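Me: I am new to reading protein models and would like to practise. Could we go through one together, question by question?

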Amino acid sequence: MGLISKKRKKSFFTTSEHQKTLHTNLEFTATEQYKLLRTNLEFTLPEDDICPIIGVTSSMRGEGKSTTAVNLSYVLAEKGKRVLLIDGDLRIPSVAKKMEIESSPGLTDLLMGKGAQIGDFQSAIISNWYILPSGSIPPNPSELLGSRRMEAILKDLKNKFDYIIIDLPPVNIVSDALSIANLISGMIVVIREDYTEKKELEHCFRQLKLSNVNVLGCVMNEAKSSNGSYGKYKKYKYYKYYQTPSKDRKA
């Protein structure tokens, strides 16, 4: 796994299996690769961007984008940076479950002006690491992510953090990741070896290009290595989970 510059549904995993691929429980090889990703980002991002907002997405579901977003934000915070991780997947949020925290209040509460304070989301693991879960699932995720309210919130948060990492839905399934394109510094695309389909990846990059998304690079997840493996994920159907929520769905 590395950065190449420019160049609540039923879970299939137990909590312990999730934890093996997250922050402090990572294998040595995976930890070093995330640190390399952190270093490459520092060289890729513009020097004058005081708080880069980095989206993390993929072409398909199941490629490890959420795990990558969690671990990238963690290694940035570990270096002493003040970091905010946002679960911007407002359809199938997973960050709260991975981090074993409550999913509400969260991003949707901020967007709807319900009075949530960013200080409430400080991580118990590192004091300078903040984790903003999704909040209640809304009927209009794409519209919320691309709204003026979201723009205002991110503008305010940029004054409080050194990095903002946003976990976003897969590009090929819904338009959410593209709707926020003009509000972020760039996008990282997660690719899973022996899983990501070539046609899906090509379509993903066409969509990103048409939306003028600044692609910072790609992360190759579960790349084969003689030094051990990073995480184990099972293949499963994904399209049905990203259908547009019905209007009568509870928020």
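Reply: Gladly; here are some questions and answers about this predicted model.

Me: Let's start with the whole protein. How many helices and strands does the secondary structure come to?
Reply: Helices and strands are the elements to look for as you turn the model. Counted over the protein, they come to 9 helices and 6 strands.

Me: What percentage of the residues of the protein count as buried?
Reply: A residue counts as buried when its relative accessible area is under 20%. The protein has 251 residues, and the share that counts as buried is 55%.

Me: And how much surface does the protein expose?
Reply: Carbon and sulfur atoms supply 49% of the exposed surface. The area that the protein exposes is about 12,200 Å².

Me: Now the sheet. In what order do the strands stand?
Reply: Strands of a sheet pair through backbone hydrogen bonds, either parallel or antiparallel. Here 6 strands form an open sheet, and the pairing is parallel. Read across the sheet, the order is β3-β2-β4-β1-β5-β6.

Me: Which strands stand at the edges?
Reply: Look for strands with a single partner strand, so that one side is left without a neighbour in the sheet. The strands in that position are β3 and β6 (215-221).

Me: By how much are neighbouring strands of this sheet turned against each other on average?
Reply: For this value the direction of the strands is ignored. On average, the turn between neighbours in this sheet is 20°.

Me: Let's look at β1 in detail. How many residues of strand β1 are buried?
Reply: Strand β1 covers residues 53-58. In the sheet order, β1 stands between β4 and β5. The strand is largely enclosed by the rest of the structure, because the number of buried residues is 6 of the 6.

Me: Ile 53, Gly 55 and Thr 57 point one way from β1; which residues point the other way?
Reply: In a regular strand the side chains alternate between the two faces of the sheet. In β1, the residues on both sides are buried. Opposite to the way of Ile 53, Gly 55 and Thr 57 point Ile 54, Val 56 and Ser 58.

Me: What is the bridge partner of Gly 55 in β5?
Reply: β1 and strand β5 (residues 186-192) run parallel and are joined by 5 bridges. On the β4 side, 4 bridges join β1 to strand β4 (residues 163-167), and there Gly 55 stands opposite Ile 166. In β5, the partner of Gly 55 is Met 187.

Me: Which residue in β4 stands opposite Val 56?
Reply: β1 and β4 run parallel, and Gly 55 faces Ile 166. For Val 56, the residue opposite in β4 is Asp 167.

Me: What angle does the direction of α3 make with that of β4?
Reply: α3 packs on the sheet and touches β1, β2 (83-87), β3, β4, β5 and β6. Its direction, compared with that of β4, makes an angle of about 170°.

Me: Are α2 and α3 roughly parallel or roughly perpendicular to each other?
Reply: Helix α2 (residues 28-44) and helix α3 (residues 65-78) have axes 9 Å apart and pack at an angle of about 75°. An angle of 65 to 115 degrees counts as roughly perpendicular. The two helices are therefore roughly perpendicular.

Me: How many residues of that contact of α2 with α3 are nonpolar?
Reply: The contact includes Tyr 34 and Leu 37 of α2 and Leu 72 and Val 75 of α3. Besides 3 polar and 3 charged residues, the number of nonpolar ones is 6.

Me: Is Lys 98 buried or exposed?
Reply: Lys 98 lies in helix α4 (residues 95-99). Its C-alpha atom is 7.9 Å from that of Leu 22, although the two are 76 residues apart along the chain. Its relative accessibility is 7%, so Lys 98 counts as buried.

Me: Is Asn 212 buried or exposed?
Reply: Asn 212 lies in the loop between α9 and β6. Its phi is positive, about 55°, although Asn 212 is not a glycine. With a relative accessible area of 69%, Asn 212 is exposed.

Me: One last puzzle: which peptide bond is cis, with omega near 0°?
Reply: Go to the loop between α4 and α5, where Pro 105 has its place. The cis bond runs from Ser 104 to Pro 105.

Notes. Residues numbered from 1 in each chain as written. Predicted model: local features only at pLDDT ≥ 70, side-chain atom pairs only at ≥ 80, totals over all residues. Heavy atoms only, no water. Axes fitted to C-alpha atoms, helices over the stretch in contact; angles between N-to-C directions. Parallel < 35°, antiparallel > 145°, perpendicular 65-115°, else oblique. Contact = heavy atoms within 4.5 Å. Nonpolar A, V, L, I, M, F, W, Y, C, P; charged D, E, K, R; others polar. Buried < 20%, exposed > 50% of the residue type's maximum accessible area, 1.4 Å probe, protein only. Areas by Shrake-Rupley, 256 points an atom, 1.4 Å probe, with all protein chains shown as cover. Pairing = 2+ DSSP bridges.
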